[in-house]
Amino acid sequence: MDQPGQQLAETYLSMLNNHDPDLVDRFVADEYRNHNAFVADGREANRQFWTMFFAALPDVSVTMEDLVISGDRVVGRFIYRGTQTGDLMGIPASASGNPVEMRSIDIWRVEDGMFVEHWDELNLLEVFQQMGAIPPLGAGPAETA
C-alpha cells in the first residue's frame with residue numbers, strides 16, 4: 001500500500017530525473033523549513049535551488065537506493081550522477097566539465113500531505129574534490145599544481 005511519504009519521495013525523484021523544478025509544488029509546503037546551508041526555507045527557494053542545480057548538472061540522473069517511512073518521517077538515500085557544466089554551490093565548472101557523483105541521506109517531516117521540514121547529509125568533501133574546488137585527500141603541493 002502506498003503511503004503519502006512514499007508518493008512524496010517518488011515525486012521528488014521524478015522532479016530530479018525530469019529536471020522539472022516546478023514539481024516542488026506537489027511535494028514541498030509553502031513554509032518548508034530546510035536545514036541545509038545551501039538552500040533557504042520555503043517552496044520558492046527550493047524551486048530556485050533546483051533550477052540552479054539542473055543548470056549546473058544538465059545531465060543529472062538520480063537513483064533512490066533506500067526509502068524508510070516511520071510515522072511522519074520519510075528517509076531516503078539517493079545517488080546523483082551528472083556532469084558539472086555550470087556554477088554549482090558557488091563553484092564554477094572546470095573547463096573539462098567534471099563528472100560528479102553525490103550521495104545524500106535525506107530526512108523529511110510530512111504534515112498535511114506535504115514535506116514541511118528537511119534535513120540531509122551529503123558527501124560534499126568528495127563532491128568538492130570532483131569539481132576541482134579542493135585537492136584530493138593526501139595530495140601534496142606537487143600533485144595540486
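Leaving aside neighbours within four places in sequence, which residues is Tyr80 in contact with? In this predicted model, the partners of Tyr80 are Tyr12, Leu16, Trp50, Phe53, Val60, Ser61, Val62, Val100, Glu101, Met102, Ser104 and Asp106. Three of these names recur in the description of the nonpolar core: Tyr12, Trp50 and Phe53, together with Tyr80 itself, touch the most other members of the largest core, which has 35 residues. At least two residues of this core are supplied by each of α1, β1, α2 (43-56), β3 (73-83), β4 and α3 (124-130). The largest share, six residues, is that of α1.

Strand pairing was examined next. Strands β1 and β5 run parallel and are joined by four bridges; His35 is placed opposite Trp119 of β5. Strands β4 and β5 run antiparallel, with eight bridges between them, and here Glu111 faces Met114 of β5. The two strands β4 and β5 make a hairpin in which two residues separate them. Asp112, in the turn of this hairpin, has a positive phi of about 55 degrees, although Asp112 is not a glycine. With a relative accessible area of 75%, Asp112 is exposed.

A positive phi of about 55 degrees is also found at His19, again a residue other than glycine. His19 belongs to the loop between α1 (4-18) and β1 (28-35). The relative accessible area of His19 is 27%, which makes this residue partly exposed.

Strand β5 (residues 114-122) also contains Asp120. Asp120 is buried but takes part in no salt bridge, and Arg33, the nearest side chain of opposite charge, is 11 Å away. The side chain of Asp120 instead has a polar contact of 2.8 Å with the side chain of Asn36. Apart from neighbours within four places in sequence, the residues in contact with Asp120 are His35, Asn36, Ile105 and Asp106. Of these, His35 is also the residue that stands opposite Trp119 in the pairing with β5, and Asp106 also appears among the contacts of Tyr80.

Over the whole structure, 13 salt bridges are found. One of them joins the side chains of Arg43 and Asp30, with an N to O distance of 3.0 Å. Arg43 is part of helix α2 and Asp30 is part of strand β1, so this pair ties together parts that are 13 residues apart in sequence. The two partners differ in accessibility: Arg43 is buried, at a relative accessible area of 15%, whereas Asp30 is partly exposed, at 48%. Both residues belong to a network of salt bridges that also links Asp22, Asp25, Glu44 and Arg47.

Further salt bridges include the pair Glu101 and Arg103, whose closest N and O atoms are 4.0 Å apart. Glu101 is partly exposed, with a relative accessible area of 29%, and Arg103 is likewise partly exposed, with 35% relative accessibility. Glu101 is also in contact with Tyr80. Another salt bridge is formed by Arg109 and Glu111, with the closest N and O atoms 3.0 Å apart. Glu111, which stands opposite Met114 in β5, is partly exposed, with 40% relative accessibility.

Methods:
Residues are numbered from 1 along each chain as its sequence is written. This is a predicted model: local features need pLDDT of at least 70, side-chain atom pairs count only at pLDDT 80 or more; totals for chains, interfaces and linings use all residues. Side-chain values use heavy atoms; hydrogens and water are left out. Buried means under 20% relative accessible area, exposed over 50%, partly exposed in between (1.4 Å probe, protein chains only). Lys and Arg count as positive and Asp and Glu as negative; His and the chain ends are not counted. A polar contact is a pair of N or O atoms within 3.5 Å; within protein, one must be able to donate a hydrogen and the other to accept it, and residues adjacent in sequence count only if both atoms are side-chain atoms. Contact means heavy atoms within 4.5 Å. A nonpolar core is a set of buried Ala, Val, Leu, Ile, Met, Phe, Trp, Tyr and Cys residues joined through side-chain atoms within 4.5 Å. Two strands pair if DSSP finds at least two bridges between them.
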